[in-house]
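Open the model in your viewer and keep the selection tool at hand. Each stop below tells you what to pick and what you will find there.

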Amino acid sequence: MTHPFYAIHSHGLIRVAAATPRASVGDTGANAEATIALAREADAKGVDLVVFPELNLTSYAIDDLHLQTAQQRATLAAIATVVEASATLRPVLLVGAALVRNGRLYNCALAIARGRVLGVVPKTFLPNYREFYEKRWFASGVGMTGLTIDLNGEDVPFGTDLIFAARDLPGFVFHAEICEDYWAPTPPSTAGALAGALICCNLSASNIVIGKARDRAMLAAAQSARAVCAYVYSAAGPGESTTEVAWDGQGLVHELGEQIAESARFSTEPELVVADVDCERITQERLRTGTFNDAAVFAGNPETRFRRIGFDHAAVVEDTGLERAIRRFPFVPNDPTRRDDDCYEAFNIQVEALSKRLVAAHAETIVIGVSGGLDSTHALIVAAKAMDRLGRPRSAILGFTMPGFATGEGTKANAWALMRALGITAEEIDIRPAATRMLEDIGHPFSEGEPAYDITFENVQAGLRTDYLFRLANQRRGIVLGTGDLSEMALGWCTYGVGDQMSHYAVNCGVPKTLIQFLIRWCIRTDQYDAATDAILSTILAQEISPELVPAGADGALQSTESMIGPYALNDFFAHYVIRYGLAPSKIAFLAWHAWRDASVGAWPEDLPADARVAYDLPTIRHWLEKFLFRFFTTSQFKRSAMPNGPKVSAGGALSPRGDWRAPSDGIATAWIEELRSSVP
């Protein structure tokens with residue numbers, strides 16, 4: 001596919017690799033050949049940047065041999081060999097070597113691209129404790145700024161003040177540090193990130209002892225989160241001297257605190273772990289995190305001290321696939337343990353928030369409309385748990401099922417069964433007489449027998465239900481518990497004011513539809529309630545999502561929400577990347593296409609039903625994304641601007657105007673829709 005849409009570089013993605021070559025004990029020629037072999041493999045895989053281990057050309061564990069002239073000259077020869085081989089290769093190579101400068105030996109990272117050395121970065125922190133003795137051989141690079149080094153007859157930038165930036169590929173900006181540097185309290189990569197580097201790299205030797213691999217991953221995750229960057233880490237593998245220690249060869253790629261790739265360890269074969277890091281996402285995160293800019297200011301604006309070494313990358317804009325797992329459900333982890341941890345937190349956030357609101361409002365009861373659908377079901381089980389936690393009887397929850405013109409017997413039966421199973425106070429109010437009277441009063445054609453099922457017809461029913469609930473709350477000393485979720489607020493799929501947009505407390509407003517389904521499954525799986533409740537919860541999960549405001553057609557088909565506004569799985573995917581990261585629509589379409597185009601590829605949350613494991617092609621994604629953009633940016637902000645209180649639940653964002661999201665109610669979607677139409681084939 002030749003359209004630019006299919007190329008990662010069109011979407012701010014940079015392909016990186018952590019390389020683990022077969023090492024040697026000081027055989028620099030063999031080390032150079034091992035480096036070149038992996039560089040060629042990376043070139044074939046479309047990699048932009050390869051990070052090799054610390055001193056991979058010189059060798060790390062050779063002790064006093066570092067101080068031998070023959071070894072030093074052999075290192076220079078190995079560098080020349082790699083530089084020559086790089087002339088025809090696509091990736092920038094970050095290799096490790098020990099170099100002499102001005103009577104000192106430095107442990108260095110060399111950035112090599114297209115037949116030349118871009119710059120040399122010396123190691124800052126030299127470990128000299130336990131099994132490490134680096135100060136015996138090496139000088140620290142601290143304070144070495146604004147300098148050059150003679151490297152095989154060429155004057156090359158040298159210092160700890162270097163970041164490297166592709167002139168022709170926005171976002172490809174990287175910094176290098178070496179092993180101990182990121183174990184230090186003040187990693188040099190922090191300053192590099194504050195100076196503008198989006199990808200921070202670590203060339204490491206790092207021998208292995210029990211538990212150290214976890215420590216490395218923890219540090220890489222923490223640094224990528226704290227410095228708001230991608231972090232590529234490569235540790236030396238088999239082949240280094242085992243006189244005193246052993247090596248496992250760990251390669252890691254992290255982004256904003258999340259591990260996106262990891263190599264095998266203790267492999268006897270060379271390894272290249274490849275991943276696409278999202279530099280647009282990193283940039284957007286920095287824009288949203290004022291503390292990042294404050295830190296740069298407090299550090300004296302490192303960008304004024306760093307040298308930005310430019311290079312021409314000459315990336316080919318072509319379809320090279322995507323080396324990155326994209327979760328189909330951004331709000332729901334695929335890993336069962338993380339999924340259950342997230343569900344535990346989400347559920348208890350809601351329970352705790354509602355408990356506090358009940359106490360603060362001096363409310364004696366909770367008034368809730370129970371339709372038998374997902375959202376009211378989840379709000380009701382949260383309410384039941386809140387009452388349990390406060391030591392109040394569940395009978396203080398007043399549940400009302402309010403059938404209208406299109407209410408199905410099945411959903412009404414589910415509502416009654418759930419209320420009975422939970423032991424709440426349950427009542428039924430038929431809104432059809434009142435709705436008929438209102439339609440008559442306003443002269444609606446339905447009152448004359450016409451099948452006029454317009455928005456007025458729908459909202460008369462939605463409004464009456466809310467009106468009843470508020471008056472019941474007044475009468476019975478309670479608060480109205482909102483049931484609408486984050487997905488509905490994103491789409492504006494709710495009736496404004498006297499409708500389901502309004503309540504005294506919107507307990508579900510931070511929870512997207514897809515997560516609600518998994519929360520209910522978690523409640524069943526972890527025995528939050530009794531067997532009778534679990535049984536009806538399972539029944540509710542299995543039914544189609546419908547507002548039940550328009551009577552079934554001649555074929556008996558119920559009104560389907562997803563046929564009108566699109567699959568919630570896609571809408572929640574879109575919402576996540578719009579709300580949390582502000583990505584371009586074409587980028588969201590690109591990620592959605594890779595996530596959803598083939599149901600047989602990639603991970604699914606473990607307890608997602610088989611019939612929900614579907615695929616969406618690009619035209620379908622583009623169609624529903626345009627609908628989402630129009631609804632989100634043009635038609636529904638006024639509803640969010642007036643939404644009631646409710647707890648933020650997911651780091652993916654919330655839509656309260658008092659929290660995560662502030663936007664004009666009279667905005668338009670033109671910029672987003674034009675970008676989508678112009679950039680997606």
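**Stop 1: the cysteines**

Select cysteine 343. This is a predicted model, and in it cysteine 343 has 1% relative accessibility. Is that buried or exposed? Cysteine 343 counts as buried, because buried means under 20% relative accessible area.

Now look for a sulfur partner. The closest cysteine sulfur to that of cysteine 343 is in cysteine 523, 8.2 Å away. That is too far for a bond, because a disulfide needs two cysteine sulfur atoms within 2.5 Å.

Move on to cysteine 509. With 7% relative accessibility, cysteine 509 counts as buried. The closest cysteine sulfur to that of cysteine 509 belongs to cysteine 494. The gap is 11 Å, again too far for a bond. How many disulfides does the structure hold? The count is zero.

**Stop 2: a serine in a helix**

Select residues 336-360. This is helix H7, and serine 355 has its place in it. Serine 355 counts as buried, at 5% relative accessibility. Show what surrounds the serine. Leaving aside neighbours within four places in sequence, serine 355 is in contact with Ala386 and Leu390.

**Stop 3: a phenylalanine inside**

Select residues 173-178 next. They form strand S9, where phenylalanine 174 is found. Phenylalanine 174 is buried, with a relative accessible area of 0%.

Which residues does phenylalanine 174 touch, not counting those up to four places away in sequence? Add these to your selection: Leu49, Val92, Leu94, Ala111, Ile163, Phe164, Ala197, Ile199, Cys201 and Phe311. Take isoleucine 163 from that list. Isoleucine 163 and phenylalanine 174 are eleven residues apart in sequence. In space, 5.8 Å separates their C-alpha atoms.

**Stop 4: the cores**

Widen the view. Phenylalanine 174 is part of the largest nonpolar core, which has 142 residues. Which members touch the most other members? They are Leu49, Phe172, Phe174, Ile199, Leu354, Phe573 and Phe574. Color these residues to see where they sit.

Then select residues 568-581, which are helix H16. Helix H16 gives this core its largest share, ten residues. Another core lies apart from it and has 35 residues. Among them are Ala39, Ala78, Leu99 and Leu272. In soluble globular proteins, nonpolar side chains tend to be buried together.

**Stop 5: a phenylalanine in a loop**

Find strand S13 (258-262) and strand S14 (271-278). Phenylalanine 266 lies in the loop between these two strands. What is the relative accessible area of phenylalanine 266? The value is 48%, so phenylalanine 266 is partly exposed.

Phenylalanine 266 touches Ile208, Trp247 and Asp248, not counting residues up to four places away in sequence. Now pick proline 238 as well. Proline 238 and phenylalanine 266 are 28 residues apart in sequence. From C-alpha to C-alpha, they are 6.9 Å apart in space.

Check the backbone here. Phenylalanine 266 has a positive phi of about 60 degrees, although it is not a glycine. Most residues other than glycine have a negative phi.

**Stop 6: an arginine in a loop**

Here is another positive phi to select. Arginine 130 has one of about 50 degrees, and it is not a glycine. Look between strand S5 (116-122) and strand S6 (147-151): arginine 130 is in the loop there. Is arginine 130 buried or exposed? Arginine 130 counts as exposed, at 76% relative accessibility.

**Stop 7: the whole chain**

Clear the selection and zoom out. The chain has 20 helices and 20 strands. Its C-alpha trace spans about 100 × 55 × 45 Å along the principal axes. Of the 681 residues, 58% count as buried.

Show the surface. The accessible surface of the chain comes to about 26,600 Å². Carbon and sulfur atoms account for 52% of it.

Color by charge. The chain has 61 positive and 79 negative charges. Their mean positions are 4 Å apart.

Finish with the contacts. Take those in the chain with a separation of 6 or more. Of these contacts, 75% join residues 24 or more positions apart.

Key: Residues numbered from 1 in each chain as written. Predicted model: local features only at pLDDT ≥ 70, side-chain atom pairs only at ≥ 80, totals over all residues. Heavy atoms only, no water. Core = buried A, V, L, I, M, F, W, Y, C linked by side-chain atoms within 4.5 Å. Buried < 20%, exposed > 50% of the residue type's maximum accessible area, 1.4 Å probe, protein only. Helix = DSSP H or I, 4+ residues; strand = E, 2+ residues; numbered from the N terminus. Contact = heavy atoms within 4.5 Å. Areas by Shrake-Rupley, 256 points an atom, 1.4 Å probe, with all protein chains shown as cover. Lys, Arg positive; Asp, Glu negative; His and termini not counted. Charge placed at Lys NZ, Arg CZ, Asp CG, Glu CD.
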